[in-house]
Structures are given as structure tokens and as C-alpha cells.
Amino acid sequence: MEIIADVLAVFGRMHPLLLHLPIGMLLGLGLLEWFAARRGQTPMARGVVLVVAISAILGAASGWMLHEEDGYASSFALEWHERLGIATAFGALFSVVLRFRDKTTPYRWMLLLTIALMVPAGHFGAEMTHGKGFLWEPLEEEETPVAPIMPEPEAEGMAAMASFEQHVAPLLKARCTRCHGARKVKGELRLDSPEAILAGGETGPALGADGEFLRRLELPLEHDDHMPPESKTQLTAPELSLLQTWISQDAPFTDEFAFGEGEIGLDQAQAAQAEDNPAVGQEEDDPTYDLAIAGLNGSLAHWEPLEPGSKQLWVSFAPCADFTNDETLGILLATIPEYISELNVSRTQITDLSMDLIGAMTNLRTLNLAQVMITDVGLFSLTGHQHLEELILSQANISEAASEYFLTMPKLSELYLWGTNFTPAGIASLRQQLPEVMIDFGDSFYDEPLEVEAELVFTSDAPLVDAPPTEQATTPEPINTVRLTPSNTICPVSGKAVDPLYTVVYDGKVIGFCCPNCPKTFWEDPAKFLEN
Amino acid sequence: MDTHDPNDPLRAHDLLMTRRRFFGKAAKSLGAGFGALAMQSLLGRELNAMMPGNAAAEGLAGGLEGTRPLPVVGPHFKPKAKRVIYLHMEGAPSQLDLYDYKPGLRARFNQDLPESIRDGQRLTGMTSGQERFPIAPSIFQFSRYRNNQDGLWLSELLPHTGSVANELCMIKSMHTEAINHEPAITFFQTGNQQPGRPSFGSWMSYGLGSANSNLPTFVVMITQGIGNMQALSARFWGSGFLPSEHQGCKLRSGEDPVLYLRNPEGVSREDRRRMLDLVGELNEREYQRSFDPEVQARISQYEMAYRMQMSVPELTDFSDESEETLAMYGPEVNTPGSFAANCLMARRLAERGVRFIQLYMRGWDQHGNLPRELRAQAKAVDQPQAALLKDLKRRGLLDETLVLSAGEFGRTAYSQGALSTENYGRDHHPRCFSVWAAGGGMKPGISYGETDDFSYNIVKDPVDVHDLHATMLHCLGFDHERLGYRAQGRDMRLTDVAGHVIPGLLA
């Protein structure tokens, strides 16, 4: 019947309780018998020995019941614990039989043997519960304690990127694999490798929304099934949240997953969108960036934000071209290559050695290498650059062999090659291969006009704009053509002779003046002059 | 009063200025160098901490050589042009004989300018006495050069400029209000006919700051002309109400671009440095006492002079230019002070990060003897200005350098003085004139605006001087309505209260 099985199961669960009795009592009895034997005294009372033996038998019996019910994976420790435990029980039984037959010396030897069997039995039992090497562990070399690492977001308000390898595995190792790992495999579940996690345990797959893994983690602390067990270090809320997020993302083992609130960081989903506008307005505090800016401030190089509020930079070494070389360039820019959008190193002393650093400037749009002693070798570092739009190589020491590099730059739109070792034929060929790119070879000007005006002939044949259309008018009238005869002969302003060209009409009368300036004076006070 | 507490009213009175003026001016000194370092130690902590840009100053390495000027206003949005080369044709070149092709006028030789066209335009004192205003067609033959539209007509005086026509943004519909040189040039440079305002270059020095602390931010070079020359005041590159360090630095046209730049015999550079340190310290104490920003300007000018001792000889030494480059600028390139030499210098300055380079070519005021004088004038500028554009282009600098060539007004269609088929003169004409720009965000290879048949009135797309300024400021990354400075009780700006950005001029 069920009830018997359950009762026996309860009895089995008393094993951890019951086993302590025979351990203590057998040892105690053994000690007493040893003293007695030394003094030549009689052995202990029969009743005592009987009780000790019964406890041993009950201990072993409960262990056997427990084995039947609980999920202990079969292992070396368990097998030998079982054998030795049963042997201990039998040993105790034989001891009591010998005692009742008053065979003192055999009894004592049997007791000794029983104790000798009990010790390893107990040890293996402890190993099963507490893990291999439990006893000596403190003496062993300090293993680097595994601290769980929580993923950090890149910037405030953004989600962090977490991965199994970096964040989940250390957490499991720190909190779970003591009992669910190589040494101990509780519930037949190992959590120390992806395969083992996927394999699951006694009750089936651990992962999944209805798997035991998550269920037990989310149980309240008081619940029996809650994991980690109450006596062990518990997961903190963020750690639990990390595991929950991981499970909800279908427990990825290789891909990264987003953890936390906020948008996904720039180098994830927005990377494609950020093509045109790299990292405008990054808000986070980047001490490397600040340090590099301080370094630039201390140098003669000029830097400016690409646009207001942006962290992307235009850097020009024009003010200090004479003493800018590979070393100084590296010192100033090696820590912030991704922040450089426009770089002017024209006329500096850098060589091919710096081209690796320049090639690492992934957000570079404009690069001015005019009059720089780089060669095709250095240019190789720019192959495949995804964002470079304008490349100025005027008077640099490059040749047509570099043509193929330009083909690998998808965004290239302006290329300046005057003064290089390109030949016109090479340029023509390159222009054919890159029809969308403006390739300047110092030849984009046209000396000859399209059209030259015909020979100049001056006439006055054009019709007058203002005059009525008449046939004559070859000698145009002067502007101040007089149609009116002045009524005076002396200029009222100056007193000189009137020039009929200059007249005004005032009050119905035609008044003549000597020159064009007098009418102005007249108009100031006509009445006064009219008296003349 | 020895307190440094800026809130102390007696102290404020002592300063005789508002705090904003103090912080604003003190922070914007060019190449503060020693001044910045010294100020940090001499000033009270609260003042020091509140000075804008001090975070940047924290990063100063010791010594002068590596000091970055304190931050400036900065562009409002991403600029296309990083610098300006402004070729000012002082005297007002005749648009009819250079840029504005009016073949119809050939058939109007000696006809009177119709009243309907003249439309009451005021006359200058020089022609108001003329009996007649006979039309003088240009005696120069025009050719059509390839550009991005259906070709650009230029006179025979500008063949080299024709070869770069596909880079030019020719504006034929400029107009202004001033009719005489001084107010007109003041207007073109400062946005107002009355003097007292900062010039364009000063605004750029204020707005963009220096990109090379070893050279002045605003450089001016003057070429003497062949034709009739008018006065050229230093006011045209003055800083007006902006701090003095934003004024233009004029390089002399002779052998020595900067007088007394070299140390005298027996004085080494280290001696000079120690002298400057001591003088700087004395000036610093004065500054501490009075907080007069002019003291700060003086300190920075001394420091700039010290740096220029090294940078200017290197700049003016053309020996590192190839023969081909020198030949491109024409035969006069080796004559110091010629337009060709100055154009080459302008390119070198542009390479070295100078923000505003202004060249004045004098002598375009052809009231009489135009054919002879204009030929000589044009010959002096044609090849060099084309070479400048070609040189900038092939070095990849043209798309970030805004080049402008402009006079202050135009010239009349009618002749001033006697008209003959060989000779004539032209008077001032503000109602329409031609300028051209290239590079730096201006649309290349176009002709913008149209005048009437007489090149007297504008019939299409007028461009005011303020509009041109606004458009140029736009190319430089500024909203012309926002780049301002408080002076005389109001917020002043280069475009005064006018100006629109003209989209048709932008690339």
C-alpha cells in the first residue's frame, strides 16, 4: 500500500538523524572497551551493546530506505557508503551476538572492525552530502573565488549587453555548481557546462519556462524546493533578474543578450543607422576621451567638434606640421581613433607607420594626406574603410598600384591625386572604374572657351527705349533738350548769361539758368530769386 | 580696494563694466598663453572657476608652445567652409567690362541712357555736371567659358578666370546703397555704412577662433594698383566693438611682412621669452587691478608676435614651392606685394589654418581711361586668382575654403567724360554689380541673377550685401541672426537687421 511506502520514506529521511547515533555510540563503546581491555575489566553491559547495535542497524536501514527514495546519482562514494554502511550494521550485529555469548575478546575485535568500517562509511556519506574533498578543502590551495560579474551598461539609460560566457556561467559557478557540478550532482543536474544544462536532471530539462531551474529560483525562500538552499548564499535581485532575462531570451549560450532597461547600445542595433551620423551626442563620460582632449590641448594641433554637441572631432596638424611625426601622432590620437571624423595631417612628417592608426579610425570621413611621405604600402591600411568619403593624396608618394585600394572604399566620393605618381592613363582607367567618384588630377579646368564673341562693331542703330519710334534719331538729343524759351536772359541765381539748355518751369513761366547747379539753389527759395 | 569679491559693489564700480563683459572678453582672448596660466594663479578662486573654458585650460601642459586659445563661440551647425579668402577689388571694377555681358549695347554706342532706365538714380558730384550720359559699350571681346550651366561669359581681360569658370558662383545681381568708396567699403566689410562696426574677418575670428595659434586669425594683405586708387582705411579690417585681438593683422607688402619681427642683433629667442614673461607679469598685475580687456588683448598680441617670429619666416619663404606652382601664379609671383605673391601667400595661409585672409587689390576706380587702366588691372589679377582657385582645388582645400572676389559697387553703363570708340570712363553705380564666389559651400559653376540690357537695374534675383553676408555665414556654419555681440545697448550682428540666406547660391 502507498501508505507503507510513504512511512518507509519518512523512515528513510530519518537517516541523516539516525546515523549520528551509531557513530557516536560505536565510538564511545569502542573507547570504553579499549580502556576496559587495558585494565583487564569486563566488557560493557549487554544492554548497552544491544542498543548500540540496534542504532547501527536502524541507521543502515534508514539509509537503505533513503537510497530507494531520494535522487542520489550512483557514484563511487555512494556505492561504498552503502556497502560500508551495511557492513557496519552487520559488524554491529555480530558484535552484539558475540557479546551475548560472552566471547569477550572476539567481541572486542569485532567492535574494532565495526568502527573501522564505520569511519570510511561516514566519510563517504559526508562526501555525498557535502561534496568531494569536503574534509580537506580548507587545507587545499585557495582556488580563485569566482565572483559573479554583472553586466554593465555602456551608458546611462541604455541596456547592457550580457553573454552566457561572461555573466551567466560565473554566476552559476559561484552559486550553483557546488552541488550541481563535478563533485556533487544533486537531482542529477549539473550546471557547469552548456551541454549539462541542456541535458537537464532528474525531473527532466531544467531550462525553459516551465523547467525546474527557473521555478526553483523563483520560489520563496521558505519553500523547500527553493534554490539555492536556504543555508547557502542566496542570489541577489540583479543576479536573479539576469538569469530570468537569460531564460526569457531562450537561454542563448553564444549570442549576447540585452539586460536591463533602456535601448540597446550603439554597437548593436543602431550600428547600421549610425552610418551617417556616427556617435553624435554620446553622453557617457569617457575618461580616455577626456584625457586625449587634454593631450590635444597641450599640443599645437587644432581640434574642434565636428558639429556642436558632438564628440566626433576634426583634428588638424597644420599648425605644427613640421614636428608632427609618427610618434607624436600616436601619442595624441592612439587612444581615440573612433572619435576622429576629419583628419588633416598634410605636410606632416608621418610615414606609413602611422597608417595603421589612421586605418583604425573607423568613423573617418575626410582624410588629408597632402604632401605626406606615405607610399602604397601605407595606403593598404585604408582598404575596406567603410566611411571614408574624401581622400586627399595630393603630392603623396603613391602610384597606380594603389588603384585597387580605392575600389574597396564604398563611400568614397572625392579623391585628389594631383602630384602623385599616377599617369594620365592610370587616372583615366581609375575614372572608368569609379564613375561615381570625383577624381581630381589637377586637370579639371578648361582653358579654351566654348565660344568667342564675333568682332565688335559699334553703331547706334538700336531703337531708343524712351523716344517715340521715328525714322530719324541718329543724333540723339541731349537729355536736357530745351523745348521752351526762357523768359529771362540773366540767371536769377548767379547773374550770368542764361544757357537755354537749363530751364525750369515755375508758376507757368519758363525761367532760364546759366548752369545745372543754379536750379538747385533756386528751389531753396524761389520767391527770393524771382524778384530778380 | 583690495577685495576680489566680484559681488562687492565698490569693486564692480571699480571695474566699470558688467560681469558678463568681463567674463566674455577675458575668456575670448586669442592665444592667452601665459596670461591664462598666470591668471589661474593670480585670480581669486571663485573668479577663476567661473571663467568659461577653464576646464580646457586645466589640461595645459607647461610652457607656451602648447597653449590652446580659450574656446570661442563656435559654429551653430556643421560648417562647409572652414576659412575665407576674400579678394576685395577696391575702387569698384567695371562689371560691364569684365563680367556682365551686354552685346546689345554695341548697337547703342553714344545713345543717351534712357530716363526710364535711369529712374532717378542719384548722381555723384563727378557726373552731375555732365550734359549727357552716353552709353559706352565695352570695347572688350567676351568669350563663353564652360561651367555647370550654359556657359559663363567673361571678357577677354579674364582668360585665366574663364578656365576656372566651372568653380565660380557668379552673382550678377548684387546691389548696395552706398555710392562712394568709403561708406561702400565700410558697408561691404562691416554691414553698415557708418564706421564703428567689426569687419567680417573680425566676426569670424570671434566666431570661429583660431585654427593655428602661431599665426593671426585674420590676415590682411594689400596690393597697390595701377589704376586710380582710393584711400584704404585700417578701419576696414578693424574689430569695432569686438575685443581688439579680433582685428586684422596687416602684413606689409615688402620684403619684411612684419616689421621688427626679427630679434635685433644680440637678442636671442630665450632673451625675448624672458622679456615677454616679465612684461606679461606687469601687464597681468595691471589686468588684475583694472580688468581692462584691452590689457588682455595686449598680452595676447605680444604672445602672438613671439610666435610669429617663428611662423612668419617659414610662411613667406616660397622656396619650397615647385617651379610649376610658381609659374601658375604668373610672372609677378616673385615680386613681394604683388597680387600674385599675395595670392600664393593666401594659399599658404589657408594651408596653415588661418581663418580669414583678406587681399585688397587697389586701383579699380576707372573714372577715365578705362580701357588702358582696366587692362593693366585685370592682367594683374586674372592669372593669380585663377591660380589660387586651381591650387586650392588640387590640394583638396577648395571645398572647405570660401573664396570671394568683390568690389564695393558697380560702374555705370554711360561714359564719364568724353566717349570715343577707344576710350571712356565710368562712374560709380550701386544698383547692380557682379561678384563671384567659389568653394566652401557655394554652388560652383553657376551664374545667379540678371540685370537689364543696360546693366543698370536688376531684373532677377537681387542679392543685397546683407544677403551675401548671411549666405556666407551660413556656409561657415553660422545662423547670421544668432551670431551677435552686445554693444551700445543692443545685440549687434554682421547683417545688422537685414539679410536672408539665399538657397540658390548654396551647393
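Two exercises on strands in a predicted model follow, each with a worked solution.

Residues are numbered from 1 along each chain as its sequence is written, and chains are lettered from A in the order in which they are written. In this predicted model local features need pLDDT of at least 70 and side-chain atom pairs count only at pLDDT 80 or more, while totals for chains, interfaces and linings use all residues; side-chain values use heavy atoms, with hydrogens and water left out.

**Exercise 1.** State which strands stand at the edges of the open sheet that contains β2(B).

Solution. Strands are DSSP runs (E, at least two residues), numbered from the N terminus. Two of them pair if DSSP finds at least two bridges between them.
- Step 1: the order of the 3 strands is β10(A)-β2(B)-β3(B), and the pairing is antiparallel.
- Step 2: β10 (451–452) of chain A and β3 (152–155) of chain B each have a single partner strand, so they stand at the edges, and one side of each lacks a neighbour in the sheet.
- Step 3: β2 (residues 142–145) of chain B is joined to β3(B) by 4 bridges, with Y145(B) opposite L152(B).

**Exercise 2.** Describe the partners and the burial of β1 (residues 83–89) of chain B.

Solution.
- Step 1: β1(B) runs parallel to β8 (residues 401–406) of chain B, over 6 bridges; R83(B) faces T401(B) there.
- Step 2: β1(B) also pairs in the parallel sense with β7 (residues 356–361) of chain B, again over 6 bridges, and I85(B) stands opposite I357(B).
- Step 3: buried means under 20% relative accessible area (1.4 Å probe, protein chains only). In β1(B), 7 of 7 residues are buried.
- Step 4: in a regular strand, side chains alternate between the two faces of the sheet. On one side of β1(B) the buried residues are R83(B), I85(B), L87(B) and M89(B); on the other they are V84(B), Y86(B) and H88(B).

Key:
Buried means under 20% relative accessible area, exposed over 50%, partly exposed in between (1.4 Å probe, protein chains only).
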